[in-house]
Each structure stands twice: as C-alpha cells, then as structure tokens.
Amino acid sequence: MMDLAVAKKNLEKNGYLDLEVDPTLDLFEEIEKLKKEKNAIILAHYYQEADIQDIADYIGDSLGLSQQAASTDADMIVFAGVHFMAETAKMLSPDKKVILPDLKAGCSLADSCPPELFRKFKAKYPDHVVVSYINCTAELKTLTDICCTSTNAVHIIESIPKDKEIIFAPDINLGRYLVKKTGRDMVLWNGSCMVHEIFSGEKITKLIERHPEAKFIAHPECEAHILEIADFIGSTTGLLNYTKRSDAKEFIVATEAGIIHQMQKASPDKTFIPAPPNNTCACNECPHMRRNTLEKLYLSMKYEQPEIILPQWVIDEGRASIDRMLEISAKAGL
Ligand code: 13P
Ligand code: SF4
C-alpha cells in the first residue's frame, strides 16, 4: 500500500489510486458526504456491483446514462461504468470534471475496433453513413456519423434515408440483429463483446426444458443462435422493463448478471436465472465493469482522480455523432 504522492504517480500504471481505505469507515455515508461537498453525481451502469448501484444517483443503460451526462447540473460526474462511457460523458459535458474509479475498466467490444484500422475500412465505402454502437472509443466516434445504443439502434437505422448505405460498427452480433430487424443490408465490422458471446445454446436449451414456464430473455449483443431461441430481445433497460410487466414468474437472463440486482428489486416475487455460459467461462460478469469497487469509487471522489481528459479535437469531431443520436432518441420519445 502506498502514500498519496506515490499512488498518484502510479495512477497510470495501476488505473486507480492504490491507497488503503480505513476498514471501519462507512463508505456509503462517506460517499454521500463527498457527493454533497463536491456537487457530484454518480452515474452507474446496470452491470456494476450491487453496492455501487445502491449508492448511485442514477442507474441506467448506455442511453439513459448519456442522457443524464448531457443534462446534469452537477460539477463532477463520477462514472461507475467503463472507459468509453466516461469518455462519452466528457464529450457531452466537456466543462465538467468526469471521474472513472478505475481507468482500466475498458471494453472488449470497444477494443475490437481500433480507429486506425477502422479508418482504412471506412475508406473502402466512401458514400456509406457510419453508425457506431456507443460501445466504442472516443476516437472512433470522430469517424462516426451517428452513434446508437441497444435501446435506440432500430430507430437510428430507420432514421437514415433508404437510398443511403450503412456501415455498422463495432458489434457484429447487434449488427446482424439490426439487419434482420430493419431489413437494411449493412456493411458490418467484425467486433464482439466478451460477455455476450459466451452463452451456451446447448446449456440454455436444457435449462429451458427444466423450466418450461420461464421466459428466456437476451441482449442483442448475444450471438444469433442465442437470439433465435429468445422469447424477448432487448437492451438492458428493455429486459428490465419486460420482467416488470410480464406475468411470468421465472426468467432466464442472457446478459451481464449485474442487471439481476434491479430485476430482483423491482419484482421480488419473481426468480431470475443467469443464462449459463459455455465451459470456458465461469460467470456472466464483465471483468471490465467489475474493476470498479466501492473503495475505488470512494477514493476517486475524495481525490478527484482518475480523471477523463480528452484532446479538444476528439471532443469537437466526436460529439456530433452523440448529439445526433440524442436528438433522434428524443424525437422517438426514448
Ligand atoms: P446497454 O447499456 O445499451 O444495454 O448495453 C449493454 C452493454 O454491454 C454496456 O456495456
Ligand atoms: Fe464491453 Fe461487453 Fe463489458 Fe459491455 S459487457 S463493457 S460491451 S465487454
């Protein structure tokens, strides 16, 4: 364990401030105090651990979090999520301090589309509109015409004139789902999410046989053979809302397991079973999302680090793609 000066020096290497937290502290109380003292808001994705969800001011999916980041009047946004989400918040609120408890909370999907390779790919289709899933780096957003999230992706694709061709990046599974759903033939980048591509169709089918009354629900980042057997496909918020309004009492959930905390809170009388992954993986938790802990959240708020800093050109050239997405979503009432 280190002192503050050393911890700050090692911040880039570690991704977070490696400092000891007094184990007798009530971190919920301390974080509440820091929120007031610093006029800070905590935005948490549904894939965060339960304690972080419980201390957050807003919990949501990627669209809801972007909308909050764009509209908050807090001075400091503490982003309990992954790096691309905090970058998006910074692009939307460049004058605010944006803190991410662990800078190494990355994303396999964002990493699967390096901007330098995408630039060359895009050059092959000069007349295509580029739609990027928001799960991409800030730099990729500078090469993008319109962003989308899993909540608004269909609306975004449908907002593009039919005579315009489309490149969709980086998630091939969501891309294939959108091709099927909208009937638009798009050029797809071959990226994927390490959490959503590990579900085992065979094990899920056996589980469904053992729970014939259960609804099987899946996120569109899952592979096509998983989506084919789903009773309902939706974004994280879409899945949560489905479990609230459905009469079913049991659900098999194919997405990151963190969302089950909110599902269970909203419907305490219902049962939620995480969909089984294949043999190579032990659980459905995103290792990037789970790098954030309550201790790291507390330390990052106390010392206001790690902070997200973006080059001005990235903010200038990338922001329009997020603004367009938010405009189309607002018009669609999302
Ligand atoms: P949504 O928040 O749009 O459901 O996306 C899920 C996800 O993988 C976030 O990293
Ligand atoms: Fe990225 Fe997948 Fe983790 Fe979401 S769940 S942050 S898409 S790796």
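# Close-up views, one by one

**View 1. A salt bridge links R319 and D323.**
In this predicted model, R319 is partly exposed at 26% relative accessibility (buried means under 20% relative accessible area, exposed over 50%, and partly exposed in between, with a 1.4 Å probe and protein chains only). Its partner D323 is partly exposed too, at 25%. The two sit four residues apart in helix α17 (residues 312–331), so about one helical turn separates them (helices are DSSP runs of H or I with at least four residues, strands are runs of E with at least two, and both are numbered from the N terminus). The closest N and O atoms of D323 and R319 are 3.0 Å apart, which makes a salt bridge (a side-chain nitrogen of Lys or Arg within 4 Å of a carboxyl oxygen of Asp or Glu). Elsewhere, E32, K35 and D57 are joined into one network by salt bridges that share partners.

Residues are numbered from 1 along each chain as its sequence is written, while chains are lettered from A and ligands numbered from 1 in the order they are written. Local features need pLDDT of at least 70 and side-chain atom pairs pLDDT 80 or more, whereas totals for chains, interfaces and linings use all residues; side-chain values use heavy atoms, with hydrogens and water left out.

**View 2. K206 and E202 pair up within helix α12.**
Here the closest N and O atoms of the salt bridge are 3.8 Å apart. K206 and E202 are four residues apart in helix α12 (residues 201–210), so there is about one helical turn between them. E202 is exposed, with a relative accessible area of 60%, while K206 comes in at 46% and is partly exposed.

**View 3. R291 reaches D102 across two loops.**
What does this salt bridge tie together? R291 belongs to the loop between β12 (271–274) and α16 (294–303), and D102 to the loop between β4 (97–99) and α7 (108–111), so the pair ties together parts that are 189 residues apart in sequence. The closest N and O atoms are 3.0 Å apart. D102 is buried, with a relative accessible area of 0%, but R291 is partly exposed at 27%. In the whole structure there are 14 salt bridges.

**View 4. Ligand 1 has 13 residues around it.**
H45, S62, S150, H219 and T236 are the closest of these (a residue counts if one of its heavy atoms lies within 4 Å of the ligand). Three side chains put a polar atom by an oxygen atom of ligand 1: T236 at 2.3 Å, S150 at 2.6 Å and Y133 at 3.4 Å.

**View 5. S235 and T151 touch through their side chains.**
Their polar contact spans 2.8 Å (a pair of N or O atoms within 3.5 Å; within protein, one must be able to donate a hydrogen and the other to accept it, and sequence neighbours count only if both atoms are side-chain atoms). S235 lies in the loop between β10 (232–233) and α14 (236–245). Is S235 buried or exposed? At 6% relative accessibility, S235 counts as buried.

**View 6. A ring of names goes with ligand 2.**
Which residues surround ligand 2? Look for Y47, V82, C107, S108, N135, C193, V195, E221, C286, H288 and M289.
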